[in-house]
There are 2 protein chains.
Amino acid sequence: LTGSRQMTPLVKKYFLRLMPPTDDDKTPDVERVLAGLQGEGIDIKYVPVSVVRKLPEALRADDFEITATVSFLSEPELIDVESGERLDKNFGLAVDLGTTNTVCSLIDLKTGGPAAEASATNPQTAIGEDILARIHHCLNPGGLEELRLAAADCVSGLAEKLANQTGVSVNDISCACISGNTTMAHFFLGLDPYNICRAPYVPAANRFDAFKARDIDLGIKPEAPVLVLPNVGSYVGGDVLAGILASGMADRDGISILVDVGTNAEIIVGNRDWLVACAGAAGPALEGGVVSSGMRAAPGAIDRIKIEAGYEPSFSVIGDVPPAGMCGSALIDLLAELFRTGLIDGRGKFIPAKTKRIIETEAGLAYSVTGDIIFTEKDIENLIRTKAAMYTALTVITTEIGITFNDIESFFVAGTFGEYIAADKAVSIGMLPDIPLSKFKLLGNSSLKGANLTLLDRETLENIDKIASMVTYKELNASAGFMSLYRAAMFLPHTDASLFPSLHKI
Amino acid sequence: LTGSRQMTPLVKKYFLRLMPPTDDDKTPDVERVLAGLQGEGIDIKYVPVSVVRKLPEALRADDFEITATVSFLSEPELIDVESGERLDKNFGLAVDLGTTNTVCSLIDLKTGGPAAEASATNPQTAIGEDILARIHHCLNPGGLEELRLAAADCVSGLAEKLANQTGVSVNDISCACISGNTTMAHFFLGLDPYNICRAPYVPAANRFDAFKARDIDLGIKPEAPVLVLPNVGSYVGGDVLAGILASGMADRDGISILVDVGTNAEIIVGNRDWLVACAGAAGPALEGGVVSSGMRAAPGAIDRIKIEAGYEPSFSVIGDVPPAGMCGSALIDLLAELFRTGLIDGRGKFIPAKTKRIIETEAGLAYSVTGDIIFTEKDIENLIRTKAAMYTALTVITTEIGITFNDIESFFVAGTFGEYIAADKAVSIGMLPDIPLSKFKLLGNSSLKGANLTLLDRETLENIDKIASMVTYKELNASAGFMSLYRAAMFLPHTDASLFPSLHKI
């Protein structure tokens, strides 16, 4: 996307060599700098008083050679001045503010490239494990502020870590773009989330005007603009919008589907003319916590697994550490492999005679991967529920729109549950529809990518509200046929094998 | 000025009766309020996050009846929301931030009328009596911030006093306009004033973008926009611009002169097409401190004085208190009366034989007004210096422009040294030129009036920068003939009596 047109970062630096004032030129300091920027074609509309305060000293510290930082988030604004030439020190912070994890990427706004990436557990999990517990916590006096500061501190901490890694100062981070679901955005901004989870489910706001880092205690350049990507409503947040941006689906004529599996699963269908979204709690089984040996995609997680001849497993592990569990992509792999090798039947039940890898555990029969890492029939059942919910949601949404899977030109798969899901495995368990594999495009963390894109492209910024207003939200559970479709999908790959014709060929 | 066109206050309140959200209308809180305002013809461009934070509760506290406060200082911005109908509670604060005194007027933005006025000694005087001492104080670490906070506290204190007097809350003060000289504006904003008093005399800024009250610790509505009137340069500040606004001279075809005597004296000449300014330290003698029984125009100050038959004085006193001294207008009266009655000669020397009111003091001969209040030959000498400086400045500036006093259509006299100077008395001592008395227009505190006008009129706001950019500053001391003209003016009314023809008729 960025390759095809000129990069236009939200914040840019300009180096100015100005003439010092004389008896014949008593232009004040601010107007002198603005005139210099006008010479670069920049017509500044606003200078905050905090920047005016820095100017007299900054101008005289290096003989009227100065680097001006200009925000283009709305009207051009002078957000910082530094003495000397500091063009190289201009970074943006892309933030995926997840319910469970926060991931930050430091973007070099001069080159457009990533400088470093870091993640941390969202400290709000210590206050309330899930979203509802946190919303409930806001009923306590100071509860909302506590959640707000936890998120701000987490992002500030990651920003500092990234700055240290890159050898720059947090003051060199001159803008931030935050992508999160509707409730996370509310927590981050200190907005009462109470009405999000209570009928008729109304957020405080869908669009958030940009504000300054100092307004929300974010430890980057104080006047840095902070953009929180807009929600579409209570159930479709800025993270989904980020996915739409990252996929580019709203720029295309052909119809795309985007599936984003995080703590929740969201599905978007559409093209440049229309976009339909639906959401559901499909994700937990893939994020760890529900599956016995499941874990987040983090060092120690098995992320890819295969069952070789003799039913022995082979796998790869994230990081140079011993395996500690399996992340979502491995769980999908393993379910697919167990089914492919005939170790489980279509209902997900083990056929034990075949190998000693199938063991008896307290939780019933299980496949032993390595050490303590096992995959039980209960786990398989949970995973089948998840895949059935996903496939049913895809079926319902496309049916309601009036298209078939064959009408899909591109199928984007995003999620933080593993670096990349293997589309063929997901198809083979009936989680994703049986369409040509070439149509699947893996996006990874599309929430982070969308925030990243926005930092680098003012055209994207201008399109955000337009795209957000295009999205229609559909309530899935309101569909009459949902439950019977769901039951039919609780089989590997599906009770109706004709829906997965390519699997017969194998 | 405000009478001739519709009042357009910088901040306006709107009462909205909104529909609560339903299953069919899940419009978020912010967008719901913005839609309501759009129904009133207001297209809001910005909502600060602090206002979004208040919205969910404010909307639901009174069944979605809400009062929205909108700033029109730049693009329309929603600066507050309150539950219920609060249209009457909308005030602006006009501030004359003087070197010695701060005067605040609380303006009812609904009616346009003044609600209350209060003044206080500028607490910066305790840090440094004059401007130069304060600029010097800024060389100490934290010195500038100390001066800034002193000014902010002073204005905040006056705002609270005015709110209490009017029976409203400081949160009902939803905008402020500050008028002060260039250095005072720098102190108020925390801008380094060092280069103002050092060649080539360059301010940090001439134009100040509006900022929020919370940005400068001003105790009014936190998101209230605060406008500091622009300077023309180091020697012509926003207070002079306020005078130009208050006089309306920049709207006229005919040429006007505006004389503003505060701690300094400023002169502006011009019309709608051109404006020339000059300034000088002419004022101290009229503000107390220099003259032995001089004092500020405050309770206890004699503000008007006459010498009756038998050389006995009659006078009026500000406030219902015994006289404690004489303010500037009384000093001018008394000098004029002493000369008219022949108690002093043209050089300002007493002719003692005439009355026992002329007494011997340690400081030489003096006229005894009442009690300890006397007017010495030394005082007269100081006052003659002041009036000579003023007349010389008027002569030089008009001569340099190429006009005569007869070309003047209106002569505005402003100043805080007394409620109103008596123009005829000022002419009779040769301080002001001998033009028809009907041409003199007394403005009182034009700095405060200009700030007041700006709060009520967006057209004025739009014209401010244009007017500021029209003003040319002329250095008076640079005029070759200044000193000889000054010496010639050191006589009552003037060594060249032909300059004051009307006085011969008396």
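**Exercise 1. State where A:Asp217 lies, and describe its phi and its exposure.**

Solution. A:Asp217 sits in the loop of chain A that runs between β8 and β9 (225-228). This is a predicted model, and its phi for A:Asp217 is near 60°, a positive value in a residue other than glycine. The relative accessible area of A:Asp217 is 42%. Partly exposed covers the range between under 20% (buried) and over 50% (exposed), so A:Asp217 is partly exposed.

In chain B, B:Asp217 lies in the loop between β8 and β9. Phi of B:Asp217 is near 60°, again positive in a residue other than glycine. B:Asp217 has 40% relative accessibility and therefore counts as partly exposed.

**Exercise 2. State what confidence the predictor assigns to chain A and to the model.**

Solution. For chain A, the mean pLDDT is 92. In that chain, 95% of the residues reach 70 or more. The model as such scores ipTM 0.90 and pTM 0.91.

**Exercise 3. Describe helix α2 of chain A: where it bends, which residues are buried, and what they pack against.**

Solution. Begin with the axis. Helix α2(A) spans residues 49-61 and bends by about 40° at A:Leu55. A proline, A:Pro56, follows within four residues of the bend.

Next, take the burial. Both A:Leu55 and A:Pro56 are buried, as are A:Val49, A:Val51, A:Val52, A:Ala58 and A:Leu59.

Then identify the partners. Within chain A, the buried residues of α2 pack against α1 (29-39), β2 (65-71) and β3 (77-83). Chain B contributes α5 (182-189) and β8 (211-212) to this packing.

Finally, look past the end of the helix. Just after α2(A) comes A:Asp63, with a positive phi of about 55°.

**Exercise 4. Decide whether α1(A) is mostly covered or mostly open, and name elements that cover it.**

Solution. Count the buried residues: eight of the eleven in α1(A), so by the cut-off of under 20% relative accessible area the helix is mostly covered. Charged side chains are represented in this set by A:Asp29, A:Glu31 and A:Arg32. The others are A:Val30, A:Val33, A:Leu34, A:Gly36 and A:Leu37. Among the elements covering these residues are β1 (11-17), α2, β2 and β3 of chain A. After α1(A) comes A:Gly41, with a positive phi near 85°.

**Exercise 5. Examine A:Glu266: is it buried or exposed, and what surrounds it?**

Solution. A:Glu266 belongs to strand β11 (residues 265-270) of chain A. A:Glu266 is buried and has no salt bridge. A salt bridge would need a nitrogen of Lys or Arg within 4 Å of a carboxyl oxygen, whereas the nearest side chain of opposite charge, A:Arg134, is 13 Å away. Beyond its neighbours within four places in sequence, A:Glu266 is in contact with A:Tyr235, A:Val240, A:Leu258, A:Val259, A:Asp260, A:Cys278 and A:Ala279.

**Exercise 6. Give the strand order of the six-stranded sheet in chain B and identify its edges.**

Solution. The sheet is open, with the order β6-β5-β4-β7-β9-β8 and mixed pairing. Its edge strands are β6 (114-121) and β8, each of which pairs on one side only. Strands β7 (residues 173-180) and β9 (residues 225-228) run parallel and are joined by three bridges. B:Ala176 stands opposite B:Val226 of β9(B).

**Exercise 7. Locate the cis peptide bonds that precede A:Pro200 and B:Pro493.**

Solution. In chain A, the cis bond joins A:Ala199 and A:Pro200, with omega about 0°. A:Pro200 is in the loop between α5 (182-189) and β8 (211-212) of chain A. In chain B, the cis bond joins B:Leu492 and B:Pro493, with omega about -15°. B:Pro493 is in the loop between α12 (482-488) and α13 (501-505) of chain B.

Definitions and conventions
Residues are numbered from 1 along each chain as its sequence is written. Chains are lettered from A and ligands numbered from 1 in the order in which they are written. This is a predicted model: local features need pLDDT of at least 70, side-chain atom pairs count only at pLDDT 80 or more; totals for chains, interfaces and linings use all residues. Side-chain values use heavy atoms; hydrogens and water are left out. pLDDT is the predictor's confidence in each residue, from 0 to 100. The bend at a residue is the angle between axes fitted to the seven residues ending there and the seven starting there. Helices (H or I, at least four residues) and strands (E, at least two) are DSSP runs, numbered from the N terminus. Buried means under 20% relative accessible area, exposed over 50%, partly exposed in between (1.4 Å probe, protein chains only). Contact means heavy atoms within 4.5 Å. Two strands pair if DSSP finds at least two bridges between them.
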